[in-house]
Amino acid sequence: MKNDKGKYYRRIRMAKRIVSHLFLILIVIFSIFPIYYVLLMSLSPLSNLSQMSVEKLIPNLTYLTTGNYAAILYHYPFLTWLKNTLIFSASATFFGVLLAISSGLALSRMNIPLRKVILYMMLILSLFPFVIMVIPFYFMFSELGLVNSYTGLIIAYSAGAVIFASWLIKNYVEMIPKDFEEAAQIDGYTKTGALFRVVLPIAKPVVIFALVLSFMGPYTDYALAGQLLTNPNMYTMAIGMYYVSQGTVSMNYGTYSAFAVLMGIPIFLLFFAFQRYLVSGFSIAMYK
Amino acid sequence: MVKKIGSWNLRSLLFILPVIVVLIFLDFYPIAYSIYMSFTNFGEFHFFNYSFIGLENYIRIIRSGFLWQLLWQNAIYAFGSVALFAPLGFIIALVMNQRGLRGKTFYRTAILFPWAYPAFITILIWQGMLDYRFGIINELLEKIGIKPIYWLGTPGTAMLSIILVNLWLSFPYYSYVFTSAMQSIPTELYEAAEMDGYGPLGRLKNIIMPMLSRQIAFVVIFGFIFTWNNFYIPFLLTGGGPGTSTQILITYSYSSAFSYLQFGIGAAYSVISILVLLVVVIIANHYSKMMTVLY
């Protein structure tokens, strides 16, 4: 009798395991499929979507080609788009995170006049999507003559990054015990010195998270860039990709896929390289 | 309090000053500018000589009846998305949280893919995959005997496609949040519950749900707030179409301004979108005290 019961429970546990694995495998297929699909398309000679078929989902080595990558690199202004994107993203990340480090440290460790008011405003502003700002920015920058300029967009993107990044850094630094700086101050550091030399290195995960997030915004922004940049020499990858998707710029589907891979893979790899920082960073953003 | 204000000095001001400048000139000024524009006839015919017209834009928007359609679509988009990605994330977390399950690292890594690849690009990949005539999704459905679906071509299926793509984009994040929340529950609690004879469902109902209720509420509210103004999925996947059936307030604000050149109307729609969110935040704050994160 007892033995039977044990067998019964073991069977139930076995069934539970099998169902769990089946469910997770389905989820994995769902998550990976679009990335697999675009990677495969980028290596297939496809002039348009109509040549796609289910059979082609199984890679055939004799059929695969790197021709699409050659096409996107040499027949389209991809490198110009890449250069512009990197200028915008890197500059905005640099300025945005620099300001965020200074204000994040100040808000968590210094006596700031109207501290609470500033924090409430930052929290409310972080609810506003960047797209809301496009209409006013468009006219502000037109009046200032900052259309089709690097400066204008870099200012806008830095501003877009700084609020959320300050918020993150402030939250993280508040979790670091004050003992570290106090010890450093006994060792002869000034208060500011202790903040930068001792607290900031401990806050590395959140700074990396802020860097990656700030980089992502401009990297994939069309909403603002598409309106402020009208000179094709200033286009970014996101603008290029949007125009191809709308049919304004015609491109083979295979080449378009190669474009999607070249633009996406660096971010994809960056994400996995910093995965553990990113995941903990997000929970800091949410709760304290 | 007075003492504190007295003790701040020039150095701490220097640290915060750049951000205050940004807040004033690149956040408050543009927002004020937007609100001001929403009270003017700023548009194609009054580009440089626009005038103050009071509430006329808002009255026009309300009278047109289109506002209710947009609010309805926006609500379906936001609620529909949260109603799918939060439970899926929770279920995945529950399954992954089983003791002794093999291959956890593999599953966890694979689930990160949609989150790791820039959404801007994957939305456009989905657009190709959902194509009616040539898209791979319909080709796959045909293989298992299902008739092709006009994914992006009819109002109902277009909204469904947007929500499904949003599910794909968002579930990794939610399964991560819930997994880490479940891991924070002490294992002794599970063991105690097992000793008391609770099955998996009993443990879910009596331990996991009560322990995580605060996080669940938080995740749902933030998911809603984030999705409400999540511009790129409708903008890139359907462009608001067919017709205006998948427009939400923020995408319609954008097209009013930059496609129809009615900047005043566009600004008014974005103001309405933010007002709705503020109401949601105030209500949510009343119940869950989100703002306590400040202290």
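## Two helices side by side, and the chains around them

In this predicted model, helix 11 of chain A (residues 237-245) and helix 7 of chain B (residues 119-129) have axes that come within 11 Å and cross at roughly 10 degrees. An angle under 35 degrees counts as roughly parallel, so helix 11 of chain A is roughly parallel to helix 7 of chain B.

Which residues meet here? From helix 11 of chain A come Ala238(A), Met241(A) and Ser245(A), and they meet Phe120(B), Ile121(B), Leu124(B) and Gln127(B) of helix 7 of chain B. Sorted by class, this helix pair's contact has five nonpolar residues, two polar ones and no charged ones.

Now for the wider meeting of the two chains. In total, 70 residues of chain A are in contact with 70 residues of chain B. On the chain A side, helix 1 (residues 2-42) gives the most, with twelve residues. The side of chain A that touches chain B is made up of 53 nonpolar, 15 polar and two charged residues.

Here are the two contacts by class:

| Contact | Nonpolar | Polar | Charged |
|---|---|---|---|
| Helix 11 of chain A with helix 7 of chain B | five residues | two residues | no residues |
| Side of chain A that touches chain B | 53 residues | 15 residues | two residues |

Let us step back to chain A as a whole. How many helices and strands does chain A have? The secondary structure comes to 13 helices and zero strands, so reading along the sequence gives one α after another. Chain A has a radius of gyration of 25 Å, whereas a compact globule of 288 residues would be near 19 Å. The C-alpha trace of chain A spans about 80 × 65 × 35 Å along its principal axes.

Buried residues account for 41% of the 288 residues in chain A. Looking at contacts in chain A between residues at least 6 apart in sequence, 77% join residues at least 24 apart.

The domain assignment splits chain A into domain 1 (2-69) and domain 2 (76-250). Taken over C-alpha atoms, the centres of these two domains of chain A are 37 Å apart.

One residue makes a nice stopping point. Thr80(A) sits in helix 3 of chain A, which covers residues 78-109. Is Thr80(A) buried, exposed or partly exposed? Thr80(A) counts as partly exposed because it has 16 C-beta neighbours inside 10 Å. Leu64(A) is 16 residues away from Thr80(A) along the chain, and 27 Å separate their C-alpha atoms.

Notes:
Residues are numbered from 1 along each chain as its sequence is written. Chains are lettered from A and ligands numbered from 1 in the order in which they are written. This is a predicted model: local features need pLDDT of at least 70, side-chain atom pairs count only at pLDDT 80 or more; totals for chains, interfaces and linings use all residues. Helices (H or I, at least four residues) and strands (E, at least two) are DSSP runs, numbered from the N terminus. The radius of gyration is taken over C-alpha atoms; the globule rule is 2.2 Å times the number of residues to the power 0.38. A residue is buried if 20 or more other C-beta atoms lie within 10 Å of its own, exposed if 12 or fewer, and partly exposed in between; C-beta atoms are placed from the backbone. Two residues are in contact if their C-beta atoms, placed from the backbone, lie within 7 Å. Axes are lines fitted to C-alpha atoms, for helices over the stretch in contact, and angles run from 0 to 180 degrees between N-to-C directions. Angles under 35 degrees count as roughly parallel, over 145 as roughly antiparallel, 65 to 115 as roughly perpendicular and the rest as oblique. Ala, Val, Leu, Ile, Met, Phe, Trp, Tyr, Cys and Pro count as nonpolar, Asp, Glu, Lys and Arg as charged, and the others, Gly among them, as polar. Domain bounds come from an automatic or database domain assignment.
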